[in-house]
Amino acid sequence: MNTNKPKLHFWQIWNMSFGFLGIQFGFGLQNANVSRIFETLGASIDQIPILWLAAPVTGLLIQPIIGYMSDRTWNGLGRRRPYFLAGAIMSSLALIIMPNSPYLWMAAGMLWILDASINVSMEPFRALVADNLPSEQRTQGFAVQTFFIGVGSVIASAMPYVLANWFGIANTAPEGVIPPSVKISFYAGAVVFFGAVLWTVLKTKEYSPEEMERFEGAEPEQEQETREGFAEVWADVKKMPTTMRQLAVVQFFSWFALFAMWIYTTSAVTSSVYGATDTSSALYNQGADWVGLCFAMYNGVSALAAFALPWLAARSSRKVVHAFCLTLGGVSLAGMYFINDPKMLMLNMVGIGFAWASILCMPYAILAGSLPSKKMGFFMGVFNFFIVIPQILAAGILGYVTREFFGGDSMMALMLGGASMVVAAVITLSVTDRDDPQLSDDKEQSINLSAAQGA
């Protein structure tokens, strides 16, 4: 019989999740400013998606590897914390170097390094929630992570605008040079990233392998446990739980939409709403700063929505809440096509914020109950495949589609992203939200856990 993990109080969950503030600070700077950096250094509209390819490819490679390694790590820092810390150090250095890139190829290379480092920190954080929390607290745990993701992204996305408009720091520079407001934002991001992750490393306890075994009980021996390396990995991938397979399709369409938004919002808003094409002009940089503020808005909404999601899920179901939020986000993203006043874009950001909050919380809360604890990090890393594969596809085809079918109108790419998110919403309703009984010897407990999770 398994021994239940003790419930953690709010501040333990808070400390455990605080590092995500720093991770998302770095990620938010990347999402809001990388297209701007690429355009400033001479990239054309149809080149930008290919240059962004670094982000999903590094995630595809890094997260399952880090997950596999962290499942098998135990040292003085623990199981997941060594990876938090190493990723934070590398990310902070990359944040300092990237805005000083003098050439487009160097900026693209730094994106590879930055995104790889962020992924080293990010994946173990997902697994840590599943490691430390009992099933009935996992939705709350991922919701607190989502709160910090929102807060970090709000500050990071708004920072160039705030520095330029509140503190008078220049947001323009000579052609081919990154503006000072962007550079200072990245320097601040390096400090926040390292400091927030260090807080979690110092303030959070991890359960030892022996404690985890007592919580989960003896798991039945399986053939793949005797295998090593690639053979074991491949065997596990083939036997991924049904819930994970279903969520994979939802993730595919959700993240295709998000990647389209991150790639093209800057060019869509600056060209369609502001009518600016010269990247060194004051009007273009004004529009690019406003995009950062829009991104801050949707992340701010997501931070607040994160606390409402567990309450809503308890009164309906997690998949119904996720489907509703995805629909709201898809309609809002596609609706940007019809906006002429920059201020009206903030209404669209509210809907996108609810979708973003749900994407960061609900799939993981649904998934965690179907995974074996000894391979939690690995499966969380594999789950990332279904985030990065659609991004790789988007990077490979969106430039061509926008040029050949949309006449170079990047706002149409946002409409395509909105449609993709609505498709994800429809598919969500068919997901099985319960613990996989094949992963537990105690079927009665599995049923009880399913009920606790709102299946």
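Here is a short exchange about labels used for this predicted model and the values behind them.

Me: Happy to start with the overall picture: how many helices and strands does the chain have?
Reply: The secondary structure comes to 18 helices and zero strands. Of the 455 residues in the chain, 61% are buried. Among contacts between residues at least 6 apart in sequence, 82% join residues at least 24 apart.

Me: Why are helices H1 and H8 called oblique to each other?
Reply: Helix H1 (residues 10-17) and helix H8 (residues 180-203) pack at an angle of about 130°. Roughly perpendicular covers 65 to 115 degrees and roughly antiparallel needs over 145. The angle of about 130° fits neither range, so H1 and H8 are oblique to each other. Their axes are 7 Å apart.

Me: Good, and which residues make that contact?
Reply: H1 contributes Asn-15, Met-16 and Ser-17, while H8 brings Trp-199, Thr-200 and Lys-203. By class, the contact has two nonpolar, three polar and one charged residues.

Me: What makes Lys-203 count as lying over the face of Trp-199?
Reply: One part of the test asks for a distance within 6 Å of the ring centre, and Lys-203 is at 5.0 Å from the ring centre of Trp-199. Lys-203 does lie over the face of that ring. Trp-199 also belongs to a cluster linked by ring pairs, together with Phe-10, Trp-11, Trp-14, Phe-18, Phe-147, Phe-148 and Phe-307.

Me: Still on rings, how many aromatic pairs are there, and why is the pair of Tyr-103 and Trp-105 called stacked?
Reply: The structure holds 25 aromatic pairs. In the pair of Tyr-103 and Trp-105, the ring centres are 6.2 Å apart, within the 6.5 Å allowed, and the planes are at 5°, under the 30 degrees for stacking, so the pair is stacked.

Me: And what makes Phe-252 and Phe-253 edge-to-face?
Reply: Their planes stand at 80°, and over 60 degrees counts as edge-to-face. The centre-to-centre distance is 5.3 Å, which satisfies the 6.5 Å limit for a pair.

Me: How do you know whether Tyr-103 and Trp-105 are exposed or partly exposed?
Reply: Exposed means over 50% relative accessible area. Trp-105 has 64%, so Trp-105 counts as exposed. Tyr-103 has 49%, so Tyr-103 counts as partly exposed.

Me: Last one: why is Phe-252 not called buried?
Reply: Buried requires under 20%. Phe-252 has 26% relative accessibility and therefore counts as partly exposed. Phe-253, with a relative accessible area of 27%, is partly exposed too.

How values were computed: Residues numbered from 1 in each chain as written. Predicted model: local features only at pLDDT ≥ 70, side-chain atom pairs only at ≥ 80, totals over all residues. Heavy atoms only, no water. Axes fitted to C-alpha atoms, helices over the stretch in contact; angles between N-to-C directions. Helix = DSSP H or I, 4+ residues; strand = E, 2+ residues; numbered from the N terminus. Parallel < 35°, antiparallel > 145°, perpendicular 65-115°, else oblique. Contact = heavy atoms within 4.5 Å. Nonpolar A, V, L, I, M, F, W, Y, C, P; charged D, E, K, R; others polar. Phe/Tyr/Trp six-rings, centres within 6.5 Å; stacked < 30°, edge-to-face > 60°. Buried < 20%, exposed > 50% of the residue type's maximum accessible area, 1.4 Å probe, protein only. Lys NZ or Arg CZ within 6 Å of the ring centre and 35° of its normal.
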